[in-house]
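Reader: I should like a close look at a single part, the contact between the two chains. Please set out the criteria behind each term.

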Number of protein chains: 2
Amino acid sequence: MSIIVSMNELLQKFETRVAIVGVGLIGGSIAAAIRKRFPECDVIGVGRSRQRLQAALDAGILTGWETSLSAEMLQRPLLVVVCLPVNLIADSVAEIAEKAGPETVITDAGSVKSDIYTRLSGNKTALARFVGAHPIAGGEQGGFEHADAELFEDRVCVLVQNDNTEQPAASSIERAANFWKAIGCRISRMTAEEHDRVLALTSHLPHVMAAVTTSVVGVNNLPMTGSGFRDTTRIASGDAALWKEILLGNPTQVISAIDSASALLADYKRGLENRDGQLIEDLLRDASKCRGKLT
Amino acid sequence: MSIIVSMNELLQKFETRVAIVGVGLIGGSIAAAIRKRFPECDVIGVGRSRQRLQAALDAGILTGWETSLSAEMLQRPLLVVVCLPVNLIADSVAEIAEKAGPETVITDAGSVKSDIYTRLSGNKTALARFVGAHPIAGGEQGGFEHADAELFEDRVCVLVQNDNTEQPAASSIERAANFWKAIGCRISRMTAEEHDRVLALTSHLPHVMAAVTTSVVGVNNLPMTGSGFRDTTRIASGDAALWKEILLGNPTQVISAIDSASALLADYKRGLENRDGQLIEDLLRDASKCRGKLT
(Lines give C-alpha, C1' and ligand atoms only; values in the text may rest on other atoms or scores of the structure.)
Protein backbone atom coordinates (compact mmCIF):
# COMPACT_ATOMS: atom_id res chain seq x y z
CA MET A 1 0.00 0.00 0.00
CA SER A 2 1.43 3.34 -0.93
CA ILE A 3 0.04 6.71 -0.03
CA ILE A 4 0.89 9.50 -2.42
CA VAL A 5 0.25 13.05 -1.31
CA SER A 6 1.84 16.18 -2.69
CA MET A 7 3.86 18.42 -0.39
CA ASN A 8 1.19 21.10 -0.82
CA GLU A 9 -1.48 18.77 0.48
CA LEU A 10 0.80 17.80 3.37
CA LEU A 11 1.28 21.42 4.28
CA GLN A 12 -2.47 22.03 4.23
CA LYS A 13 -3.23 18.89 6.18
CA PHE A 14 -0.49 19.08 8.78
CA GLU A 15 -1.46 18.67 12.38
CA THR A 16 -2.25 21.72 14.51
CA ARG A 17 -1.07 20.05 17.73
CA VAL A 18 1.54 17.36 18.23
CA ALA A 19 2.55 15.87 21.58
CA ILE A 20 5.99 14.29 21.88
CA VAL A 21 6.15 11.81 24.75
CA GLY A 22 9.83 11.49 25.63
CA VAL A 23 11.96 14.38 24.42
CA GLY A 24 15.34 12.71 23.85
CA LEU A 25 17.36 12.50 20.64
CA ILE A 26 14.48 11.09 18.56
CA GLY A 27 11.65 13.00 20.21
CA GLY A 28 13.72 16.17 20.16
CA SER A 29 14.57 15.71 16.49
CA ILE A 30 10.90 15.18 15.63
CA ALA A 31 10.03 18.33 17.58
CA ALA A 32 12.80 20.28 15.85
CA ALA A 33 11.67 19.03 12.43
CA ILE A 34 8.10 20.18 13.10
CA ARG A 35 9.19 23.57 14.49
CA LYS A 36 11.34 24.15 11.43
CA ARG A 37 8.78 23.14 8.84
CA PHE A 38 5.46 23.96 10.51
CA PRO A 39 6.01 26.91 12.85
CA GLU A 40 2.23 27.29 13.34
CA CYS A 41 1.95 23.82 14.89
CA ASP A 42 1.91 23.48 18.68
CA VAL A 43 4.60 21.06 19.84
CA ILE A 44 3.98 19.85 23.37
CA GLY A 45 6.73 17.92 25.10
CA VAL A 46 5.70 15.33 27.67
CA GLY A 47 8.17 13.90 30.17
CA ARG A 48 9.09 13.39 33.78
CA SER A 49 11.68 16.11 34.27
CA ARG A 50 10.26 19.65 34.33
CA GLN A 51 13.80 20.97 34.15
CA ARG A 52 14.65 19.03 30.98
CA LEU A 53 11.34 19.96 29.36
CA GLN A 54 11.84 23.63 30.16
CA ALA A 55 15.35 23.43 28.71
CA ALA A 56 13.93 21.94 25.49
CA LEU A 57 11.35 24.74 25.41
CA ASP A 58 14.11 27.31 25.95
CA ALA A 59 16.03 25.68 23.11
CA GLY A 60 13.06 26.47 20.87
CA ILE A 61 12.09 22.92 19.90
CA LEU A 62 8.87 22.89 22.00
CA THR A 63 6.02 25.39 22.27
CA GLY A 64 4.85 23.95 25.59
CA TRP A 65 5.29 21.02 27.95
CA GLU A 66 3.38 18.84 30.41
CA THR A 67 4.37 16.09 32.80
CA SER A 68 1.40 14.05 31.59
CA LEU A 69 -1.30 14.29 28.92
CA SER A 70 -4.60 15.19 30.59
CA ALA A 71 -7.93 13.81 29.37
CA GLU A 72 -8.89 17.36 28.51
CA MET A 73 -5.90 17.84 26.22
CA LEU A 74 -6.68 14.52 24.56
CA GLN A 75 -10.23 15.59 23.67
CA ARG A 76 -9.03 18.13 21.10
CA PRO A 77 -7.37 17.00 17.82
CA LEU A 78 -3.90 15.77 18.68
CA LEU A 79 -1.22 13.58 17.19
CA VAL A 80 0.80 11.87 19.90
CA VAL A 81 4.27 10.50 19.11
CA VAL A 82 5.57 8.15 21.79
CA CYS A 83 9.37 8.34 21.76
CA LEU A 84 10.11 6.37 24.90
CA PRO A 85 12.50 3.41 25.24
CA VAL A 86 10.87 0.41 23.53
CA ASN A 87 9.94 -1.39 26.75
CA LEU A 88 7.82 1.57 27.91
CA ILE A 89 5.92 2.24 24.68
CA ALA A 90 3.01 -0.23 25.00
CA ASP A 91 2.05 0.97 28.50
CA SER A 92 2.26 4.59 27.41
CA VAL A 93 0.11 3.96 24.34
CA ALA A 94 -2.48 2.09 26.43
CA GLU A 95 -2.63 4.87 29.02
CA ILE A 96 -3.00 7.62 26.43
CA ALA A 97 -5.56 5.68 24.37
CA GLU A 98 -7.71 5.20 27.45
CA LYS A 99 -8.18 8.96 27.83
CA ALA A 100 -8.12 9.90 24.14
CA GLY A 101 -10.95 11.53 22.22
CA PRO A 102 -12.01 10.56 18.66
CA GLU A 103 -9.55 12.92 16.99
CA THR A 104 -6.43 11.67 18.72
CA VAL A 105 -4.01 9.45 16.80
CA ILE A 106 -1.07 7.80 18.54
CA THR A 107 2.10 6.78 16.75
CA ASP A 108 5.57 5.91 18.06
CA ALA A 109 9.22 5.69 17.04
CA GLY A 110 10.18 2.38 18.63
CA SER A 111 12.75 0.21 16.88
CA VAL A 112 11.02 -3.07 17.74
CA LYS A 113 7.35 -3.60 16.95
CA SER A 114 6.03 -7.15 17.60
CA ASP A 115 6.58 -6.87 21.33
CA ILE A 116 4.47 -3.68 21.46
CA TYR A 117 1.61 -5.30 19.56
CA THR A 118 1.81 -8.42 21.74
CA ARG A 119 1.57 -6.28 24.84
CA LEU A 120 -1.40 -4.37 23.38
CA SER A 121 -3.11 -7.58 22.27
CA GLY A 122 -6.79 -7.53 23.29
CA ASN A 123 -6.70 -3.82 24.07
CA LYS A 124 -9.22 -2.65 21.47
CA THR A 125 -9.10 0.97 22.55
CA ALA A 126 -5.34 1.16 22.07
CA LEU A 127 -5.24 -0.83 18.81
CA ALA A 128 -7.93 1.41 17.33
CA ARG A 129 -5.85 4.56 17.93
CA PHE A 130 -2.28 3.33 17.57
CA VAL A 131 -0.40 3.41 14.27
CA GLY A 132 2.97 1.83 15.10
CA ALA A 133 5.90 3.43 13.32
CA HIS A 134 9.67 3.27 13.14
CA PRO A 135 11.62 6.03 11.45
CA ILE A 136 14.98 4.41 10.63
CA ALA A 137 17.26 7.13 11.87
CA GLY A 138 19.21 7.78 15.00
CA GLY A 139 22.50 8.63 16.53
CA GLU A 140 24.71 7.36 19.31
CA GLN A 141 24.46 10.54 21.39
CA GLY A 142 21.26 10.81 23.39
CA GLY A 143 19.38 13.88 24.62
CA PHE A 144 17.49 16.66 22.83
CA GLU A 145 20.73 18.68 22.80
CA HIS A 146 21.75 16.50 19.86
CA ALA A 147 18.38 16.91 18.12
CA ASP A 148 18.60 17.42 14.37
CA ALA A 149 15.67 18.86 12.40
CA GLU A 150 16.95 17.02 9.31
CA LEU A 151 17.40 13.62 10.98
CA PHE A 152 14.45 12.11 9.09
CA GLU A 153 15.14 13.65 5.70
CA ASP A 154 14.75 10.94 3.08
CA ARG A 155 14.83 8.16 5.69
CA VAL A 156 12.47 5.18 5.57
CA CYS A 157 9.72 5.18 8.18
CA VAL A 158 8.06 1.80 8.61
CA LEU A 159 4.34 1.99 9.37
CA VAL A 160 3.09 -1.22 10.85
CA GLN A 161 0.54 -3.09 8.78
CA ASN A 162 -1.20 -4.38 11.84
CA ASP A 163 -2.74 -7.82 11.26
CA ASN A 164 -4.65 -7.84 14.53
CA THR A 165 -8.40 -8.04 14.23
CA GLU A 166 -8.65 -4.56 15.70
CA GLN A 167 -7.36 -1.96 13.24
CA PRO A 168 -6.97 1.79 13.34
CA ALA A 169 -9.28 3.65 10.95
CA ALA A 170 -7.88 4.31 7.47
CA SER A 171 -8.04 8.02 8.25
CA SER A 172 -5.83 7.51 11.33
CA ILE A 173 -3.27 5.59 9.29
CA GLU A 174 -3.33 8.37 6.73
CA ARG A 175 -2.79 11.03 9.40
CA ALA A 176 0.18 9.11 10.81
CA ALA A 177 1.65 8.54 7.33
CA ASN A 178 1.24 12.18 6.40
CA PHE A 179 2.87 13.22 9.65
CA TRP A 180 6.00 11.13 9.07
CA LYS A 181 6.19 12.20 5.44
CA ALA A 182 5.86 15.83 6.38
CA ILE A 183 9.00 15.65 8.53
CA GLY A 184 10.97 14.04 5.70
CA CYS A 185 10.35 10.27 5.73
CA ARG A 186 9.56 7.84 2.96
CA ILE A 187 6.84 5.43 4.12
CA SER A 188 7.21 1.66 3.92
CA ARG A 189 4.44 -0.59 5.22
CA MET A 190 5.11 -4.02 6.68
CA THR A 191 3.88 -6.27 9.44
CA ALA A 192 5.41 -6.01 12.89
CA GLU A 193 7.00 -9.45 12.44
CA GLU A 194 8.52 -8.56 9.09
CA HIS A 195 9.83 -5.28 10.53
CA ASP A 196 11.46 -7.05 13.44
CA ARG A 197 13.02 -9.73 11.25
CA VAL A 198 14.55 -7.16 8.89
CA LEU A 199 15.64 -4.73 11.62
CA ALA A 200 17.32 -7.56 13.53
CA LEU A 201 19.58 -7.81 10.47
CA THR A 202 19.95 -4.17 9.45
CA SER A 203 20.16 -2.52 12.87
CA HIS A 204 20.22 -4.84 15.90
CA LEU A 205 22.92 -7.20 14.61
CA PRO A 206 25.20 -4.33 13.48
CA HIS A 207 24.96 -2.91 16.99
CA VAL A 208 25.94 -6.24 18.55
CA MET A 209 28.78 -6.69 16.03
CA ALA A 210 30.10 -3.18 16.71
CA ALA A 211 29.94 -3.82 20.46
CA VAL A 212 31.69 -7.19 20.14
CA THR A 213 34.44 -5.72 17.95
CA THR A 214 35.00 -2.95 20.49
CA SER A 215 35.14 -5.31 23.46
CA VAL A 216 37.55 -7.69 21.73
CA VAL A 217 39.92 -4.81 20.96
CA GLY A 218 39.76 -3.36 24.47
CA VAL A 219 40.91 -0.06 25.86
CA ASN A 220 44.64 -0.83 25.81
CA ASN A 221 44.72 -1.34 22.06
CA LEU A 222 42.74 1.81 21.16
CA PRO A 223 45.90 3.80 20.29
CA MET A 224 46.57 1.27 17.54
CA THR A 225 43.19 1.65 15.86
CA GLY A 226 42.58 3.54 12.64
CA SER A 227 39.64 5.09 10.85
CA GLY A 228 38.26 1.66 9.91
CA PHE A 229 37.84 0.67 13.54
CA ARG A 230 36.48 4.11 14.36
CA ASP A 231 33.65 3.84 11.84
CA THR A 232 32.98 0.15 12.40
CA THR A 233 32.42 0.66 16.12
CA ARG A 234 30.89 4.15 16.28
CA ILE A 235 27.42 2.89 17.19
CA ALA A 236 28.85 0.80 20.05
CA SER A 237 29.11 3.99 22.09
CA GLY A 238 25.30 4.20 22.16
CA ASP A 239 23.31 3.97 25.39
CA ALA A 240 23.64 0.46 26.88
CA ALA A 241 20.33 0.54 28.79
CA LEU A 242 18.41 1.66 25.70
CA TRP A 243 19.98 -1.00 23.48
CA LYS A 244 19.46 -3.72 26.06
CA GLU A 245 15.72 -3.06 25.76
CA ILE A 246 15.86 -3.07 21.96
CA LEU A 247 17.67 -6.42 21.86
CA LEU A 248 15.45 -7.94 24.56
CA GLY A 249 12.41 -6.63 22.70
CA ASN A 250 13.36 -8.71 19.66
CA PRO A 251 15.22 -11.71 21.08
CA THR A 252 14.20 -14.45 18.64
CA GLN A 253 15.11 -12.49 15.53
CA VAL A 254 18.35 -11.16 17.02
CA ILE A 255 19.39 -14.68 18.04
CA SER A 256 18.74 -15.82 14.49
CA ALA A 257 20.86 -12.95 13.13
CA ILE A 258 23.66 -13.78 15.60
CA ASP A 259 23.51 -17.41 14.44
CA SER A 260 23.94 -16.30 10.83
CA ALA A 261 26.89 -14.09 11.76
CA SER A 262 28.50 -16.84 13.86
CA ALA A 263 28.18 -19.30 10.98
CA LEU A 264 29.90 -16.84 8.63
CA LEU A 265 32.65 -16.18 11.17
CA ALA A 266 33.16 -19.95 11.32
CA ASP A 267 33.52 -19.94 7.51
CA TYR A 268 36.26 -17.30 7.73
CA LYS A 269 37.97 -19.30 10.47
CA ARG A 270 37.83 -22.47 8.38
CA GLY A 271 39.21 -20.58 5.38
CA LEU A 272 42.12 -19.30 7.48
CA GLU A 273 42.80 -22.70 9.09
CA ASN A 274 42.92 -24.36 5.68
CA ARG A 275 44.78 -21.41 4.10
CA ASP A 276 41.92 -21.48 1.59
CA GLY A 277 42.48 -18.22 -0.27
CA GLN A 278 39.61 -18.87 -2.66
CA LEU A 279 37.08 -19.27 0.16
CA ILE A 280 38.33 -16.16 1.98
CA GLU A 281 38.28 -14.10 -1.19
CA ASP A 282 34.79 -15.36 -2.11
CA LEU A 283 33.49 -14.41 1.32
CA LEU A 284 35.09 -10.97 1.17
CA ARG A 285 33.92 -10.38 -2.39
CA ASP A 286 30.34 -11.24 -1.49
CA ALA A 287 30.43 -8.57 1.23
CA SER A 288 32.27 -6.05 -0.91
CA LYS A 289 29.80 -6.41 -3.78
CA CYS A 290 26.84 -6.10 -1.43
CA ARG A 291 28.24 -3.05 0.38
CA GLY A 292 29.10 -1.49 -2.97
CA LYS A 293 25.39 -1.41 -3.80
CA LEU A 294 24.75 0.97 -0.91
CA THR A 295 25.37 4.31 -2.56
CA MET B 1 63.06 3.33 21.99
CA SER B 2 61.95 6.78 21.00
CA ILE B 3 63.54 9.06 18.47
CA ILE B 4 62.99 12.75 19.01
CA VAL B 5 63.89 15.10 16.21
CA SER B 6 62.65 18.62 15.68
CA MET B 7 60.74 19.46 12.49
CA ASN B 8 63.63 21.69 11.46
CA GLU B 9 66.04 18.83 11.66
CA LEU B 10 63.60 16.67 9.72
CA LEU B 11 63.39 19.26 6.99
CA GLN B 12 67.16 19.46 6.78
CA LYS B 13 67.57 15.72 6.86
CA PHE B 14 64.78 14.74 4.52
CA GLU B 15 65.61 12.38 1.71
CA THR B 16 66.61 13.76 -1.67
CA ARG B 17 65.21 10.75 -3.55
CA VAL B 18 62.36 8.44 -2.61
CA ALA B 19 61.14 5.50 -4.70
CA ILE B 20 57.56 4.32 -4.20
CA VAL B 21 57.13 0.71 -5.33
CA GLY B 22 53.41 0.31 -6.00
CA VAL B 23 51.57 3.57 -6.55
CA GLY B 24 48.07 2.74 -5.28
CA LEU B 25 46.13 4.46 -2.52
CA ILE B 26 48.90 4.13 0.08
CA GLY B 27 51.87 4.61 -2.26
CA GLY B 28 50.09 7.49 -3.94
CA SER B 29 49.29 9.13 -0.62
CA ILE B 30 52.91 8.82 0.49
CA ALA B 31 54.01 10.36 -2.81
CA ALA B 32 51.46 13.16 -2.45
CA ALA B 33 52.56 13.84 1.14
CA ILE B 34 56.20 14.13 0.06
CA ARG B 35 55.39 16.33 -2.93
CA LYS B 36 53.38 18.66 -0.71
CA ARG B 37 55.92 18.93 2.09
CA PHE B 38 59.24 18.46 0.33
CA PRO B 39 58.89 19.75 -3.23
CA GLU B 40 62.68 19.48 -3.74
CA CYS B 41 62.62 15.71 -3.23
CA ASP B 42 62.54 13.40 -6.25
CA VAL B 43 59.62 10.98 -6.02
CA ILE B 44 60.02 8.03 -8.37
CA GLY B 45 57.07 5.73 -8.87
CA VAL B 46 57.80 2.09 -9.66
CA GLY B 47 55.16 -0.21 -11.08
CA ARG B 48 54.11 -2.48 -13.90
CA SER B 49 51.77 -0.22 -15.83
CA ARG B 50 53.48 2.61 -17.71
CA GLN B 51 50.09 4.13 -18.36
CA ARG B 52 49.14 4.25 -14.67
CA LEU B 53 52.56 5.61 -13.69
CA GLN B 54 52.37 8.32 -16.33
CA ALA B 55 48.89 9.22 -15.08
CA ALA B 56 50.25 9.56 -11.54
CA LEU B 57 53.07 11.73 -12.88
CA ASP B 58 50.54 13.86 -14.78
CA ALA B 59 48.54 14.16 -11.55
CA GLY B 60 51.63 15.74 -10.00
CA ILE B 61 52.31 13.17 -7.28
CA LEU B 62 55.46 11.77 -8.95
CA THR B 63 58.52 13.47 -10.43
CA GLY B 64 59.48 10.39 -12.44
CA TRP B 65 58.72 6.71 -12.89
CA GLU B 66 60.36 3.41 -13.76
CA THR B 67 59.08 -0.10 -14.37
CA SER B 68 61.89 -1.42 -12.18
CA LEU B 69 64.66 -0.06 -9.97
CA SER B 70 67.98 -0.50 -11.77
CA ALA B 71 71.21 -1.30 -9.91
CA GLU B 72 72.49 2.08 -11.04
CA MET B 73 69.60 3.94 -9.44
CA LEU B 74 70.14 1.98 -6.24
CA GLN B 75 73.79 3.04 -5.96
CA ARG B 76 72.88 6.64 -5.17
CA PRO B 77 71.22 7.56 -1.82
CA LEU B 78 67.64 6.39 -2.00
CA LEU B 79 64.80 5.57 0.35
CA VAL B 80 62.57 2.87 -1.10
CA VAL B 81 59.02 2.44 0.20
CA VAL B 82 57.44 -0.85 -0.87
CA CYS B 83 53.68 -0.33 -1.05
CA LEU B 84 52.69 -3.60 -2.68
CA PRO B 85 50.03 -6.06 -1.47
CA VAL B 86 51.42 -7.82 1.61
CA ASN B 87 52.09 -11.14 -0.13
CA LEU B 88 54.45 -9.45 -2.61
CA ILE B 89 56.48 -7.34 -0.18
CA ALA B 90 59.17 -9.85 0.93
CA ASP B 91 60.14 -10.77 -2.63
CA SER B 92 60.28 -7.13 -3.66
CA VAL B 93 62.45 -6.23 -0.64
CA ALA B 94 64.81 -9.14 -1.37
CA GLU B 95 65.13 -8.18 -5.02
CA ILE B 96 65.82 -4.52 -4.28
CA ALA B 97 68.24 -5.28 -1.42
CA GLU B 98 70.27 -7.50 -3.74
CA LYS B 99 71.05 -4.57 -6.03
CA ALA B 100 71.18 -1.83 -3.39
CA GLY B 101 74.17 0.32 -2.54
CA PRO B 102 75.23 1.29 0.99
CA GLU B 103 73.02 4.38 1.10
CA THR B 104 69.77 2.69 0.22
CA VAL B 105 67.22 2.04 2.95
CA ILE B 106 64.10 -0.01 2.27
CA THR B 107 60.88 0.36 4.24
CA ASP B 108 57.33 -0.76 3.50
CA ALA B 109 53.71 -0.08 4.38
CA GLY B 110 52.40 -3.64 4.75
CA SER B 111 49.69 -4.30 7.32
CA VAL B 112 51.10 -7.68 8.38
CA LYS B 113 54.72 -8.03 9.42
CA SER B 114 55.72 -11.48 10.80
CA ASP B 115 55.09 -13.17 7.48
CA ILE B 116 57.47 -10.75 5.73
CA TYR B 117 60.24 -11.36 8.27
CA THR B 118 59.70 -15.12 8.07
CA ARG B 119 60.08 -14.98 4.32
CA LEU B 120 63.23 -12.87 4.63
CA SER B 121 64.68 -15.13 7.32
CA GLY B 122 68.31 -15.94 6.53
CA ASN B 123 68.53 -13.22 3.89
CA LYS B 124 71.21 -11.10 5.54
CA THR B 125 71.39 -8.60 2.72
CA ALA B 126 67.68 -7.86 2.92
CA LEU B 127 67.48 -7.81 6.72
CA ALA B 128 70.41 -5.36 6.88
CA ARG B 129 68.59 -2.85 4.64
CA PHE B 130 64.93 -3.37 5.49
CA VAL B 131 63.14 -1.39 8.20
CA GLY B 132 59.62 -2.86 8.23
CA ALA B 133 56.89 -0.32 8.82
CA HIS B 134 53.12 -0.02 8.95
CA PRO B 135 51.48 3.38 8.87
CA ILE B 136 48.01 2.74 10.31
CA ALA B 137 45.94 4.57 7.77
CA GLY B 138 43.98 3.63 4.73
CA GLY B 139 40.73 3.83 2.90
CA GLU B 140 38.36 1.49 1.17
CA GLN B 141 38.83 3.03 -2.27
CA GLY B 142 42.01 1.92 -4.03
CA GLY B 143 44.12 3.69 -6.65
CA PHE B 144 46.31 6.79 -6.57
CA GLU B 145 43.28 8.81 -7.70
CA HIS B 146 42.12 8.63 -4.07
CA ALA B 147 45.55 9.60 -2.73
CA ASP B 148 45.47 12.04 0.17
CA ALA B 149 48.57 14.03 1.15
CA GLU B 150 47.19 14.24 4.72
CA LEU B 151 46.42 10.53 5.08
CA PHE B 152 49.26 10.00 7.57
CA GLU B 153 48.79 13.15 9.61
CA ASP B 154 49.00 12.22 13.29
CA ARG B 155 48.62 8.49 12.54
CA VAL B 156 50.69 5.84 14.28
CA CYS B 157 53.38 4.22 12.14
CA VAL B 158 54.70 1.00 13.62
CA LEU B 159 58.41 0.44 12.98
CA VAL B 160 59.34 -3.19 13.46
CA GLN B 161 61.74 -3.88 16.29
CA ASN B 162 63.30 -6.77 14.43
CA ASP B 163 64.54 -9.49 16.77
CA ASN B 164 66.37 -11.40 14.06
CA THR B 165 70.10 -11.74 14.50
CA GLU B 166 70.61 -9.59 11.43
CA GLN B 167 69.63 -5.98 12.12
CA PRO B 168 69.56 -2.83 10.03
CA ALA B 169 72.09 -0.21 11.13
CA ALA B 170 70.83 2.32 13.68
CA SER B 171 71.32 5.02 11.06
CA SER B 172 69.00 3.15 8.67
CA ILE B 173 66.32 2.84 11.35
CA GLU B 174 66.69 6.54 12.03
CA ARG B 175 66.32 7.39 8.35
CA ALA B 176 63.16 5.31 8.10
CA ALA B 177 61.74 6.80 11.31
CA ASN B 178 62.49 10.32 10.17
CA PHE B 179 60.87 9.62 6.83
CA TRP B 180 57.59 8.43 8.34
CA LYS B 181 57.58 11.29 10.85
CA ALA B 182 58.21 13.83 8.15
CA ILE B 183 55.01 12.82 6.33
CA GLY B 184 52.97 13.12 9.53
CA CYS B 185 53.26 9.87 11.51
CA ARG B 186 53.91 9.22 15.17
CA ILE B 187 56.36 6.33 15.53
CA SER B 188 55.65 3.28 17.69
CA ARG B 189 58.18 0.46 17.87
CA MET B 190 57.16 -3.16 18.43
CA THR B 191 58.12 -6.63 17.32
CA ALA B 192 56.54 -8.10 14.21
CA GLU B 193 54.65 -10.61 16.36
CA GLU B 194 53.30 -7.95 18.68
CA HIS B 195 52.27 -5.84 15.69
CA ASP B 196 50.40 -8.74 14.11
CA ARG B 197 48.66 -9.70 17.34
CA VAL B 198 47.42 -6.14 17.94
CA LEU B 199 46.50 -5.44 14.31
CA ALA B 200 44.52 -8.69 14.15
CA LEU B 201 42.33 -7.08 16.80
CA THR B 202 42.31 -3.44 15.74
CA SER B 203 42.16 -3.84 11.95
CA HIS B 204 41.82 -7.39 10.62
CA LEU B 205 38.96 -8.47 12.90
CA PRO B 206 36.97 -5.24 12.27
CA HIS B 207 37.26 -5.93 8.54
CA VAL B 208 35.93 -9.48 8.96
CA MET B 209 33.14 -8.26 11.27
CA ALA B 210 32.10 -5.55 8.80
CA ALA B 211 32.12 -8.09 5.96
CA VAL B 212 30.08 -10.61 7.96
CA THR B 213 27.54 -7.95 8.98
CA THR B 214 27.16 -6.91 5.36
CA SER B 215 26.73 -10.47 4.08
CA VAL B 216 24.16 -11.35 6.74
CA VAL B 217 22.08 -8.30 5.83
CA GLY B 218 22.26 -8.94 2.09
CA VAL B 219 21.37 -6.79 -0.89
CA ASN B 220 17.60 -7.09 -0.52
CA ASN B 221 17.57 -5.52 2.92
CA LEU B 222 19.84 -2.57 2.08
CA PRO B 223 16.91 -0.14 1.68
CA MET B 224 16.08 -0.77 5.33
CA THR B 225 19.52 0.14 6.65
CA GLY B 226 20.38 3.39 8.39
CA SER B 227 23.49 5.38 9.15
CA GLY B 228 24.58 2.86 11.80
CA PHE B 229 24.83 0.06 9.25
CA ARG B 230 26.46 2.42 6.77
CA ASP B 231 29.32 3.28 9.13
CA THR B 232 29.65 -0.19 10.61
CA THR B 233 30.15 -1.79 7.21
CA ARG B 234 31.98 0.93 5.26
CA ILE B 235 35.31 -0.93 5.24
CA ALA B 236 33.62 -4.07 3.90
CA SER B 237 33.60 -2.45 0.46
CA GLY B 238 37.40 -2.65 0.40
CA ASP B 239 39.30 -4.73 -2.16
CA ALA B 240 38.60 -8.44 -1.58
CA ALA B 241 41.86 -9.67 -3.15
CA LEU B 242 43.96 -7.27 -1.08
CA TRP B 243 42.21 -8.18 2.16
CA LYS B 244 42.42 -11.90 1.43
CA GLU B 245 46.23 -11.51 1.43
CA ILE B 246 46.17 -9.50 4.66
CA LEU B 247 44.06 -12.11 6.47
CA LEU B 248 46.08 -15.02 5.05
CA GLY B 249 49.27 -13.19 6.01
CA ASN B 250 48.21 -13.27 9.66
CA PRO B 251 46.07 -16.39 10.00
CA THR B 252 46.89 -17.49 13.55
CA GLN B 253 46.23 -14.10 15.12
CA VAL B 254 43.09 -13.49 13.05
CA ILE B 255 41.72 -16.91 14.03
CA SER B 256 42.36 -16.05 17.66
CA ALA B 257 40.53 -12.72 17.24
CA ILE B 258 37.61 -14.48 15.51
CA ASP B 259 37.47 -16.94 18.42
CA SER B 260 37.23 -14.05 20.89
CA ALA B 261 34.47 -12.42 18.85
CA SER B 262 32.56 -15.71 18.49
CA ALA B 263 32.74 -16.28 22.25
CA LEU B 264 31.31 -12.82 22.90
CA LEU B 265 28.55 -13.36 20.33
CA ALA B 266 27.70 -16.57 22.18
CA ASP B 267 27.45 -14.52 25.40
CA TYR B 268 24.96 -12.16 23.73
CA LYS B 269 23.00 -15.14 22.44
CA ARG B 270 22.90 -16.72 25.89
CA GLY B 271 21.78 -13.41 27.40
CA LEU B 272 18.94 -13.20 24.87
CA GLU B 273 17.92 -16.84 25.29
CA ASN B 274 17.74 -16.43 29.06
CA ARG B 275 16.21 -12.95 28.79
CA ASP B 276 19.11 -11.92 31.02
CA GLY B 277 18.89 -8.15 30.84
CA GLN B 278 21.74 -7.68 33.28
CA LEU B 279 24.16 -9.74 31.17
CA ILE B 280 23.13 -7.96 27.96
CA GLU B 281 23.45 -4.55 29.57
CA ASP B 282 26.84 -5.44 31.10
CA LEU B 283 28.13 -6.57 27.71
CA LEU B 284 26.84 -3.45 25.97
CA ARG B 285 28.15 -1.17 28.70
CA ASP B 286 31.62 -2.69 28.49
CA ALA B 287 31.69 -1.87 24.78
CA SER B 288 30.14 1.56 25.20
CA LYS B 289 32.64 2.56 27.89
CA CYS B 290 35.55 1.32 25.81
CA ARG B 291 34.40 3.05 22.63
CA GLY B 292 33.74 6.21 24.63
CA LYS B 293 37.48 6.39 25.37
CA LEU B 294 38.27 6.81 21.68
CA THR B 295 38.01 10.55 21.27
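Author: The following account describes the side of chain B that touches chain A and the relation between the chains. Residues are numbered from 1 along each chain as its sequence is written, and chains are lettered from A, with ligands numbered from 1, in the order in which they are written. The model is predicted: local features need pLDDT of at least 70, side-chain atom pairs count only at pLDDT 80 or more, and totals for chains, interfaces and linings use all residues.

The contact takes 76 residues from chain B and 76 residues from chain A, two residues being in contact if their C-beta atoms, placed from the backbone, lie within 7 Å. On chain B, the elements that give two or more residues to this side are α8 (192-217), α9 (227-233), α10 (240-248), α11 (251-273) and α12 (277-292); helices are DSSP runs of H or I with at least four residues, numbered from the N terminus. The largest share, 17 residues, comes from α8(B). By class, the side of chain B that touches chain A has 42 nonpolar, 21 polar and 13 charged residues. Here Ala, Val, Leu, Ile, Met, Phe, Trp, Tyr, Cys and Pro count as nonpolar, Asp, Glu, Lys and Arg as charged, and the others, Gly among them, as polar.

Of the interface residues of chain B, 100% are also interface residues in chain A, so the copies meet through the same surface. A turn of 180° and a shift of 0.0 Å along the axis lay chain B on chain A with an RMSD of 0.0 Å, the superposition being by least squares on the C-alpha atoms of residues with pLDDT of at least 70 in both copies. That is the relation of a two-fold axis. In chain B, the C-alpha of B:Thr232 is the nearest to the axis, 1.9 Å from it.
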